[in-house]
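Me: I've got a model open and want to know what the labels on it rest on. Can you take me through the reasoning?

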Amino acid sequence: MQDNQGKHAWAIYVMTPLTGNYKMEVFDTDANADITTPVTYQINDGLLAYDITINCTEPMDIIGGTTKNVVTVKLFTMSFAIVVIMAITLFGYVKDKASHKF
């Protein structure tokens, strides 16, 4: 947005796909950023992490950048932890049964 004095302000709102709720991720103004060069922000909505570049020179432009899949890493980590817990439980059970031979 640009006001009557030519000063810019912008906000990035992100909708979390899991809940459908919006939250403000970034609020910035000319005072905080050099608007003559593009400003890049990393946004994380819980499923994806991606870059958004805002260019305030004429014409104003918003460009998407690289995307990383966050949910895959979370699921892999959680699955690995479950396998480790199950293995420890199983080996503890087998060790306990082996020590109780008659």
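Reply: Sure. Start with a cut-off: buried means under 20% relative accessible area, and exposed means over 50%. Keep in mind that this is a predicted model.

Me: Why is Thr53 called buried?
Reply: Thr53 has a relative accessible area of 18%. The label needs a value under 20%, so Thr53 counts as buried.

Me: Where does Thr53 sit, and what is around it?
Reply: Thr53 belongs to strand β4, which covers residues 48-55. Setting aside neighbours within four places in sequence, Thr53 is in contact with Pro38, Val39, Thr40, Asp61, Ile62 and Ile63.

Me: What makes the pairing of Thr53 with Thr40 a polar contact?
Reply: The two side chains come to 3.0 Å. A polar contact takes a pair of N or O atoms within 3.5 Å, one able to donate a hydrogen and the other to accept it, so the Thr53 and Thr40 side chains qualify.

Me: And Ile43, why is that residue called buried?
Reply: The relative accessible area of Ile43 is 0%. Buried asks for under 20%, so Ile43 is buried.

Me: Which residues does Ile43 touch?
Reply: Ile43 is in strand β3, residues 39-44. Not counting residues up to four places away in sequence, Ile43 touches Ile12, Val14, Glu25, Val26, Leu48, Ala49, Tyr50 and Ile52. Touching here comes down to heavy atoms within 4.5 Å. As for Thr67, 24 residues apart from Ile43 along the chain, the C-alpha atoms of the two are separated by 9.5 Å.

Me: What about Phe80: why does that one get its label, buried or exposed?
Reply: Phe80 comes out at 52% relative accessible area. The bar for exposed is over 50%, so Phe80 is exposed. Phe80 lies in helix α1, residues 70-98. The C-alpha atoms of Phe80 and Gly20 are 29 Å apart, with the two positions 60 residues apart along the chain.

Me: Zooming out, how are the elements of the protein ordered?
Reply: There are one helix and five strands. Reading from the N terminus, the order is β-β-β-β-β-α.

Me: How do you know how the protein compares with a compact globule?
Reply: Put the two radii of gyration side by side: a compact globule of 102 residues would be near 13 Å, but the protein has 24 Å. The C-alpha atoms fill a box of roughly 90 × 25 × 20 Å along the principal axes.

Me: How much of the protein counts as buried?
Reply: Of the 102 residues, 23% do. The accessible surface comes to about 7,900 Å², and 65% of that belongs to carbon and sulfur atoms.

Notes
Residues numbered from 1 in each chain as written. Predicted model: local features only at pLDDT ≥ 70, side-chain atom pairs only at ≥ 80, totals over all residues. Heavy atoms only, no water. Helix = DSSP H or I, 4+ residues; strand = E, 2+ residues; numbered from the N terminus. Buried < 20%, exposed > 50% of the residue type's maximum accessible area, 1.4 Å probe, protein only. Rg over C-alpha atoms; globule rule 2.2 N^0.38 Å. Areas by Shrake-Rupley, 256 points an atom, 1.4 Å probe, with all protein chains shown as cover.
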